[in-house]
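Welcome! Please take a moment to look over the sequence and the 3D view before reading on.

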Amino acid sequence: MYVDTEFVYTLDDLRNWPNRSLFKGTALAVVGHPIAHSLSPAMHNAALQKLAQTDPQYADWRYFKFDIPPEGLGEALRLFSANNFLGLNLTVPHKTLALDYIYPEAATVEDAGAANTLKFVKEFNRWHGYNTDGYGLRHALKDKSVEIRGSDVILLGAGGAARGAALECLVWQCASLRILNRTRPTIDLLIDHLKKSTACNPLTQLLAFDFADPGLHANAIVINATSLGLKNNDESPLDLTRIPRPAFVFDMIYRPAETRLLKQAAEMGIPFANGLSMLVHQGAQSLRHWTGIESVPVDVMQRAVNSALISS
Ligand code: NDP
């Protein structure tokens, strides 16, 4: 049976899912608003095809994409479970909103206040939440031989992805974490939330970013977790010449491949990376939660996103 996994489905499609899709297997999906740009279906369907070569059950698994507005998330989660969806990835703007509807299976969800991976557990009739963004970020940095442990980190953004990133930096014992965001009260909320987490070591400096801060040192890791840069004409979220020279600049955005922030890092000769490898690592960790398989085909997933980017 042919199933179009690149089509952008809506809440209306979900209300009518058996007729709309004719799909009878185990379904997975990424849910966001907007979502058309997502490479997750290409990445996960390639991984499922690979898994099916050694275990035929995965031949009946498919990964879809859904554009669901924030006010539709509660209804959508009920419909997803009623229609045999096993797993979901959540992206903008659902990562924090989902906490009202799910059971936080991993401590990272409560500690970060955000979930990006859900698994429906029939036994309890509820969605269990995980956060794999921090894992994805740490492994993407590792791919570039950049270690969070002992580093000063400047985190740009305080939304869903920033929350996972901030928690990972604390768990992996960065030396300091400074958070900069357009909306100041959101920084304070995030810092208050993180300070309650057991991951927050009292010796780690956790504070709002300030250009006048005498504690700003050279060789920090700058991480962009804002959505500023997604549009080609977007400004940079931080002028790198205004801070002591960083050791590495990471942008979670992967499309465009080089944001203004990364262009400036390149011009200044500072090593940098975009979010493509983070996408792969966080996706691989989601797939482990859904399948229970540890050795998911990360290389296949990486190749799939590379070729999806080239052909789009
Ligand atoms: P959210 O909507 O939860 O957060 C968006 C963040 O961006 C907030 O801090 C918001 O600030 C800030 N922001 C939005 N617009 C502007 C603007 N015009 N100027 C300054 N700041 C702005 O989104 P997510 O946290 O889920 O995602 C953030 C980014 O990270 C997205 O680009 C997403 O694609 C990327 N991402 C990449 C991943 C990967 O695997 N590579 C994984 C997860 C996310 P404010 O509080 O003021 O609104």
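This report looks at the domains, the place where they meet, the ligand and the salt bridges.

## Two domains

Please keep in mind that this is a predicted model. The chain is divided into two parts: domain 1 covers residues 8-131, and domain 2 covers residues 134-276. If you mark the C-alpha centre of each domain, the two centres lie 28 Å apart. Where the domains touch, domain 1 brings 11 residues to the contact and domain 2 brings 13.

## Where the domains meet

Between domain 1 and domain 2, about 960 Å² of area is buried, and carbon and sulfur atoms give 57% of this area. On the domain 1 side, three residues are good ones to find in the view: Leu39, Asp111 and Ala112. Together they supply 48% of the area that domain 1 buries against domain 2, more than any other three residues.

What kinds of polar pairing cross this interface? Five residue pairs are in polar contact between the two domains, counting pairs with both residues at pLDDT 80 or more. Salt bridges, by contrast, number zero across the interface.

Two helices, α5 (94-97) and α6 (107-112), are the elements that give two or more residues to the side of domain 1 that touches domain 2. Helix α6 has the largest share of that side, with four residues. By type, the residues on this side of domain 1 divide into three nonpolar, five polar and three charged.

## Around the ligand

Now turn to the ligand, which has 24 residues around it. Which of these come nearest? They are Ala161, Asn181, Arg182, Thr183 and Met252.

One of these nearest residues, Arg182, has a side-chain N or O atom 2.8 Å from an oxygen atom of the ligand. The backbone takes part in such pairs too: a backbone N or O atom of Ser227 lies 3.1 Å from a ligand oxygen atom, and for a backbone N or O atom of Leu279 the distance to a ligand oxygen atom is 3.2 Å.

## Salt bridges

Side chains of opposite charge can pair when their charged atoms come close. In this model the count comes to 11 salt bridges. One example joins the side chains of Asp12 and Arg15, with an N to O distance of 2.7 Å.

Where do Asp12 and Arg15 sit relative to each other in helix α1? Both belong to this helix, which spans residues 11-15. They are about one helical turn apart because three residues separate their positions along α1.

Methods:
Residues are numbered from 1 along each chain as its sequence is written. This is a predicted model: local features need pLDDT of at least 70, side-chain atom pairs count only at pLDDT 80 or more; totals for chains, interfaces and linings use all residues. Side-chain values use heavy atoms; hydrogens and water are left out. Domain bounds come from an automatic or database domain assignment. Contact means heavy atoms within 4.5 Å. Buried area is the accessible area (1.4 Å probe) that two parts lose on being put together, summed over both. A salt bridge is a side-chain nitrogen of Lys or Arg within 4 Å of a carboxyl oxygen of Asp or Glu. A polar contact is a pair of N or O atoms within 3.5 Å; within protein, one must be able to donate a hydrogen and the other to accept it, and residues adjacent in sequence count only if both atoms are side-chain atoms. Ala, Val, Leu, Ile, Met, Phe, Trp, Tyr, Cys and Pro count as nonpolar, Asp, Glu, Lys and Arg as charged, and the others, Gly among them, as polar. A residue is near a molecule or strand if one of its heavy atoms lies within 4 Å of it.
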